[in-house]
Amino acid sequence: MNAPAPAPANDKRPPIHLLSSESELVADIALKAEQRQPSVAAMLLEEIDRAELHEPADMPSGHVLLNTDVTFVDDNTHQARTVRIVLPGEANIAEGRISILTPMGAALYGLAEGECIEWPDLDGHVRAIRIVRVGDSGPEAA
């Protein structure tokens, strides 16, 4: 398996919105993972760096945060999938919980319903990912 290619660095990426406190937690996790997962950590840190950060009272609704259910379509396969974005220790692919430290978790983080982003998969192939629905965050997100 090849390392994922870097995220496409262009102005075509959709805007992302994150909670300030949550982005600090995720950035710390990414920094700690740089030795083990350098490509994904770099992609995630780049996305956090370009995000518009918000306090909870000012956070626009409908964006993918930690513990949020999100339905997306991979434009290559045209298959819809619903997952929950979680911290690495809570990930369980069989139960639909994917880590923020995966290429897909990093791609979805901060996006809103209707947005599309091109992003490398685990094999380094760029895929177009379209957000179909952003559900509510789970109770543990509060």
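**Exercise 1. How many residues line the largest pocket, and which of them lie nearest its centre?**

Solution. Keep in mind from the start that this is a predicted model. The lining of the largest pocket is made up of 22 residues, and those nearest the centre are Phe72, Arg81, Met104, Leu122 and Arg127. Next, ask which elements contribute: strands E3, E4, E5 (97-99), E6 and E7, together with helix H3, each supply at least two residues of this lining. Sorted by class, the lining contains twelve nonpolar, five polar and five charged residues, and the pocket that they surround has a volume of about 340 Å³.

**Exercise 2. Find which members of the largest nonpolar core touch the most other members, and state which element gives the most to this core.**

Solution. The core has 37 residues, and those that touch the most other members are Leu44, Val70, Ile85, Ile100, Leu108 and Ile129. Among the elements that each supply at least two residues of the core are helix H1 (20-32), helix H2 (38-50), strand E3 (68-74) and strand E4 (79-86). The greatest contribution comes from H2, with six residues. As a last step, take Ile100 as an example: once residues up to four places away in sequence are left out, its contacts include Val26, Leu44, Leu66, Ile85 and Tyr109.

**Exercise 3. Describe the span of H1, and list which of its residues are buried.**

Solution. Helix H1 has 13 residues, and the distance from its first C-alpha to its last is 19 Å, which is close to the 18 Å expected at 1.5 Å a residue. The buried residues of H1 are Ser20, Glu22, Ser23, Val26, Ala27, Ile29 and Ala30, and what covers them includes E1, H2 and E2. When you look along such a list, it helps to recall that an α-helix has 3.6 residues a turn, so residues three or four places apart point the same way.

**Exercise 4. Asn67 and His78 each have a positive phi; decide for each whether the residue is buried or exposed.**

Solution. Begin with the general expectation that most residues other than glycine have a negative phi. Asn67 is not a glycine, yet its phi is positive, at about 60 degrees, and the residue sits in the loop between strand E2 (52-54) and E3. Asn67 counts as buried because its relative accessibility is 8%, and the cut-off for buried is under 20%. His78 is likewise not a glycine and has a positive phi of about 65 degrees, but its place is the loop between E3 and E4. Because the relative accessibility of His78 is 62%, this residue counts as exposed, the cut-off for exposed being over 50%.

How values were computed. Residues numbered from 1 in each chain as written. Predicted model: local features only at pLDDT ≥ 70, side-chain atom pairs only at ≥ 80, totals over all residues. Heavy atoms only, no water. Core = buried A, V, L, I, M, F, W, Y, C linked by side-chain atoms within 4.5 Å. Buried < 20%, exposed > 50% of the residue type's maximum accessible area, 1.4 Å probe, protein only. Helix = DSSP H or I, 4+ residues; strand = E, 2+ residues; numbered from the N terminus. Contact = heavy atoms within 4.5 Å. 1 Å grid on protein atoms, 1.4 Å probe; cavity = no way out; pocket = protein on both sides within 12 Å on 5 of 7 lines; lining within 4 Å. Points joined across faces, edges and corners; volume = space filled by probe spheres on them. Nonpolar A, V, L, I, M, F, W, Y, C, P; charged D, E, K, R; others polar. Expected span 1.5 Å × (residues − 1).
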